[in-house]
Amino acid sequence: MPSTPREAFDLLLAGNRRFAAGTPRHPNQDAARRADLASAQRPFAVLLGCSDSRLAAEIIFDQGLGDLFVVRTAGHAAGPEVLGSIEYGVSVLDCPLVVVLGHDACGAVAATRAAVADGTTGRGYLRDVIERVTPSVLAAQAAGVSEDEDFIATHVRHTVDFLMDRSRELADQVDAGRTAVVGLSYRLADGSARPVTARGLELSSDPAPTS
Ligand SMILES: [Zn+2]
């Protein structure tokens, strides 16, 4: 089980490469693993991802029971309960990695872009999701972004910044080297997750190894 941010990140990306290549191992999904975990869990990563049904975390990173502490909301919108869940994963469960997972063709980002364009706010509690994503869309537009992929990358970066800014606990754990935060952009068609930003971890200059 990885104990450093680097080991955790490498393990997670290795699983994604297996999934993307169509050669998953489906680790840690049997009855023995289930029994081992019954008394305690020690996941190696917290994952805050979009709720999109195509982003099933354990599947796309080829992990199993007890591996990932997963928090998913539409557009990985982060409010108080999300921040508290991440802090639980980092401070109580000692996860050495926090991942923010965005993806192309994200419905929450598209809905927010449409709401910003129309000057509307969304119905019901969808409004809360749109409000959380709006700063990212406005920042991307101010930067002259037009491609969907760049809107997603901007939103992932903004979400990482938001977590670090709002959670003193998370920022302290990153400063102490006990955990790192990495933002990933996932491509629905080929199943690959590409790093776009990190805190507390040096990203390799080759962002998308394929082997
Ligand atoms: Zn999405």
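Strand 1, residues 45-50, is mostly covered. Six of its six residues are buried. The model is predicted, and the burial given here is computed from its coordinates. Strand 1 has strand 2 as a parallel partner, joined to it by six bridges. Within that pairing, L47 is bridged to V70 of strand 2. Strand 1 also pairs with strand 3, again parallel, through four bridges. Here V46 has V98 of strand 3 as its bridge partner.

These pairings belong to a wider sheet. Five strands make up an open sheet with mixed pairing, in the order 2-1-3-4-5. Strand 2 (68-73) and strand 5 are the edge strands. Each has a single partner strand, so one side of each is left without a neighbour in the sheet. On average, neighbouring strands of this sheet are turned by 20 degrees against each other, direction ignored. Strands of a sheet pair through backbone hydrogen bonds, and the pairing may be parallel or antiparallel. Both kinds occur here, as the pairing is mixed.

Follow the order across to strand 4. Strand 3 and strand 4 run parallel and are joined by seven bridges. V99 has V182 of strand 4 as its bridge partner. In the same strand, Y186 stands opposite H103. On to strand 5, the direction changes: strand 4 and strand 5 run antiparallel, with six bridges between them. V182 turns up again, standing opposite A198 in strand 5. The hairpin of strand 4 and strand 5 has six residues between the strands. One of the residues in this hairpin, G191, takes a positive phi near 75 degrees.

How much of strand 4 is buried? Seven of its seven residues are, so the strand is largely enclosed by the rest of the structure. Burial holds for both directions in which its residues point. A180, V182, L184 and Y186 point one way. V181, G183 and S185 point the other way.

Now turn to the nonpolar core. The largest one has 53 residues. The members that touch the most other members are A45, V46, L48, L97, V99 and L101. Helix 7 supplies the largest share of this core, with six residues. L97 shows what such a position meets. Neighbours within four places in sequence aside, L97 is in contact with P5, A8, F9, L12, F44, A45, T179, A180 and V182.

Helix 7 also holds T154. Is T154 buried or exposed? It is buried, because 23 other C-beta atoms lie within 10 Å, and 20 or more is the cut-off. Not counting residues up to four places away in sequence, T154 touches S136, A139, A140 and V145. S53 is another matter: T154 and S53 are 101 residues apart in sequence, and their C-alpha atoms are 22 Å apart in space.

Helix 8 covers residues 168-175. Its buried residues include L170, Q173 and V174. Seen down the helix axis, the buried residues fall within an arc of 100 degrees, so they line one face of the helix. On the other side, R168 and D175 are exposed. What covers the buried residues of helix 8? Both helices and strands take part, among them helix 4 (80-92) and helix 7 (148-166). The cover also includes strand 3 (97-103), strand 4 (180-186) and strand 5 (193-199). After helix 8 comes G177, with a positive phi near 80 degrees.

Step back to the whole chain. It has eight helices and five strands. Along the sequence they follow the pattern α-α-β-α-β-α-β-α-α-α-α-β-β. Of the 211 residues, 39% count as buried. Among contacts with a separation of 6 or more, 69% come from residues 24 or more positions apart. The C-alpha atoms fill a box of roughly 55 × 35 × 35 Å along the principal axes. The radius of gyration is 17 Å, which agrees with the value near 17 Å for a compact globule of 211 residues.

How values were computed
Residues are numbered from 1 along each chain as its sequence is written. This is a predicted model: local features need pLDDT of at least 70, side-chain atom pairs count only at pLDDT 80 or more; totals for chains, interfaces and linings use all residues. Helices (H or I, at least four residues) and strands (E, at least two) are DSSP runs, numbered from the N terminus. The radius of gyration is taken over C-alpha atoms; the globule rule is 2.2 Å times the number of residues to the power 0.38. A residue is buried if 20 or more other C-beta atoms lie within 10 Å of its own, exposed if 12 or fewer, and partly exposed in between; C-beta atoms are placed from the backbone. Two residues are in contact if their C-beta atoms, placed from the backbone, lie within 7 Å. The arc is that of the directions from the helix axis to the C-beta atoms. Two strands pair if DSSP finds at least two bridges between them. Axes are lines fitted to C-alpha atoms, for helices over the stretch in contact, and angles run from 0 to 180 degrees between N-to-C directions. A nonpolar core is a set of buried Ala, Val, Leu, Ile, Met, Phe, Trp, Tyr and Cys residues joined through C-beta atoms within 7 Å.
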